[in-house]
Amino acid sequence: ISYIFSAIFAKSLMSVGPFDGLSDEEIRTTICNANGTRPALFVPEISFDILARRQISRLEQPGVQCVDLVYEELQRIAAQSEPGELTRFPVLRDRMVEVVSNLLKRAMSPTQIMVQNLVKIELAYINTSHPDFIGGSKAVARLMSKMAQQKQERSQMPPIQHPPASTRASVGGGVRAVPEDGTIKGDSPSSVADDGFHAGDGTVATPHDGGQDGDGTGPGGAGIMNFIFRGNNPPGGSGRQSVGGMSTAGGGGAAYGMESGSNGFRTPLERMSGVHSHPPSIVQLPQVPDTMRQTDVPPTDRERVEVEIIKSLIESYFGIVRKNFIDMVPKTIMYFLVNHVRDALQNELVAELYRDAEVPSLMAEANDVAQRRKTCVEMKDLLSKALEIVNEVRDFNTFK
């Protein structure tokens, strides 16, 4: 029994992790569901309660299995404790085995119920005031310390060697050179960047549709924003004119976000295709999907922090409950099963077997035992008569 408690039950429960069968995606989904119809300002406590109860309930099955193992061991002990004399009285032996088995079965049921109640007691009240519980403030402080340590480790790592001159960026199948200052410019040496913003005075310029080196009319002058916001400017138009207080470049005279000859804003796809479209008169909302999963969207930094805090709380509280359960289950089994059977066994045997009306039937010997005893008695009588004859012959020879 001691081996069952220490080497089987305790070691098996210590191998049970607080996050077995619980992924980060499930924790994230539980936090999202606990927020309700609006985002929570803080980490919702109900998500910790739900996940902690889910993990604690997994301890019930090992506790019940421990009761079964001790019950089977007690049955083996009872079988090995039978005296050899009981083989003469098979009826008495069978009745004793029956009484012991019934006593064990009656004691086993309340033991299992009590072990299950231990888990229900833990599920009934999540004691966040336990002195060994980490608590919310300590969990946040530990997480901040961990993040600071990781940041410090990253800062101590050797810097990544960048290319000395420029990096290469692919835009629409073409390759552009990206200078070290991060700006993307065309082949024209002018101060107007290809993304449509003037580098000096803050004015907005419409990129050229294509340009040669110097005048912006060749195919080499296309930048990223020029590729996206390609307009209908005539080739060769490099002059600027002010539209609504904004400076424009090119002959089209359209400000940033507006196309020449258009009455309103156009989407980047429309600017690329050059097709004019009018906004719909009725706004239609998209259909709600049949299944919505939080894992379809990458987690934000806030969600990562919330998941780590919940995991820290679950790990701390699960360790407390597991420690208590490892200590309480053997005590429960010893009180309700082992000690109870040991103390009540003698009284149970006397009450069930010590009856005057049942004594003759209980003390009835087996048929083969009676036959062997009868054979032994007859053999004894024959041997006694043979001994008498031998003695008479000896005495006759001595007298003669």
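## The bend in α9

The bend at a residue is the angle between two fitted axes, one for the seven residues ending there and one for the seven starting there. By that yardstick, α9 in this predicted model bends by about 45 degrees at A344. The helix has 53 residues, and 74 Å separate its first C-alpha from its last, close to the 78 Å expected at 1.5 Å a residue.

## The overall picture

Stepping back, the protein has eleven helices and four strands. Of its 400 residues, 30% count as buried. The accessible surface comes to about 26300 Å², and carbon and sulfur atoms own 57% of that.

As for how the chain meets itself, take the contacts with a separation of 6 or more: 71% of them are between residues 24 or more positions apart. Several such pairs turn up below.

## The main nonpolar core

The largest nonpolar core has 56 residues, and the ones with the most contacts inside it are F48, V70, F325, V329 and I333. Helices α1 (2-14), α2 (24-35), α3 (45-56), α4 (60-80), α5 (90-124), α6 (135-156) and α9 (301-353) each put in at least two residues. Which helix gives the largest share of this core? That would be α9, with 19 residues.

V329 is a handy place to look at the packing. If you skip its neighbours within four places in sequence, V329 is in contact with F9, G63, C66, V115 and L118.

## Two stops along α9

I314 lies in helix α9. Is this residue buried or exposed? Its relative accessible area is 1%, which is under the 20% cut-off, so I314 is buried. Not counting residues up to four places away in sequence, I314 touches P18, F19, L22, F48, L51 and Q55. Among these, F48 also shows up in the list of core residues with the most contacts. The C-alpha atoms of I314 and D49 are 8.8 Å apart, although their positions lie 265 residues apart along the chain.

M334 has its place in helix α9 too, but its relative accessible area is 28%, so M334 is partly exposed. Beyond its neighbours within four places in sequence, M334 is in contact with I1, F5, N339 and H340. Its C-alpha sits 9.8 Å from that of V67, a residue 267 places away along the chain.

## Helix α3 and its packing

How does the span of α3 check out? Its twelve residues should cover 16 Å at 1.5 Å a residue, and the end C-alpha atoms are 17 Å apart, so the two figures agree.

The buried residues of α3 are S47, F48, D49, L51, A52, Q55 and I56. They pack against α2, α4, α5 and α9. From the α9 side, I314 touches F48, L51 and Q55.

## Salt bridges

How many salt bridges does the structure hold? There are 16. One of them joins R58 and D20, with the closest N and O atoms 3.8 Å apart. R58 is in the loop between α3 and α4 and D20 in the loop between α1 and α2, so this pair links parts of the chain that are distant, 38 residues apart. Both ends count as partly exposed: R58 has 31% relative accessibility and D20 has 35%.

D24 and K311 make another salt bridge, at 3.2 Å between the closest N and O atoms. D24 sits in helix α2 and K311 in helix α9, so the pair ties together parts 287 residues apart in sequence. The ends of this pair fall into separate classes: D24, at 36% relative accessibility, is partly exposed, whereas K311, at 19%, counts as buried. The cut-off for buried is under 20%.

E82 and R93 also meet through their side chains, at 3.0 Å from N to O. E82 is in the loop between α4 and α5, while R93 is in helix α5, eleven residues apart. E82 is partly exposed at 27% relative accessibility, and R93 is partly exposed at 32%. Finally, R95, E98, E352, R355 and E358 form one network of salt bridges that share partners.

Key: Residues are numbered from 1 along each chain as its sequence is written. This is a predicted model: local features need pLDDT of at least 70, side-chain atom pairs count only at pLDDT 80 or more; totals for chains, interfaces and linings use all residues. Side-chain values use heavy atoms; hydrogens and water are left out. A nonpolar core is a set of buried Ala, Val, Leu, Ile, Met, Phe, Trp, Tyr and Cys residues joined through side-chain atoms within 4.5 Å. Buried means under 20% relative accessible area, exposed over 50%, partly exposed in between (1.4 Å probe, protein chains only). Contact means heavy atoms within 4.5 Å. A salt bridge is a side-chain nitrogen of Lys or Arg within 4 Å of a carboxyl oxygen of Asp or Glu. The expected span of a helix is 1.5 Å times one less than its number of residues. Accessible areas come from the Shrake-Rupley method with a 1.4 Å probe; for residues, only the protein chains shown count as cover.
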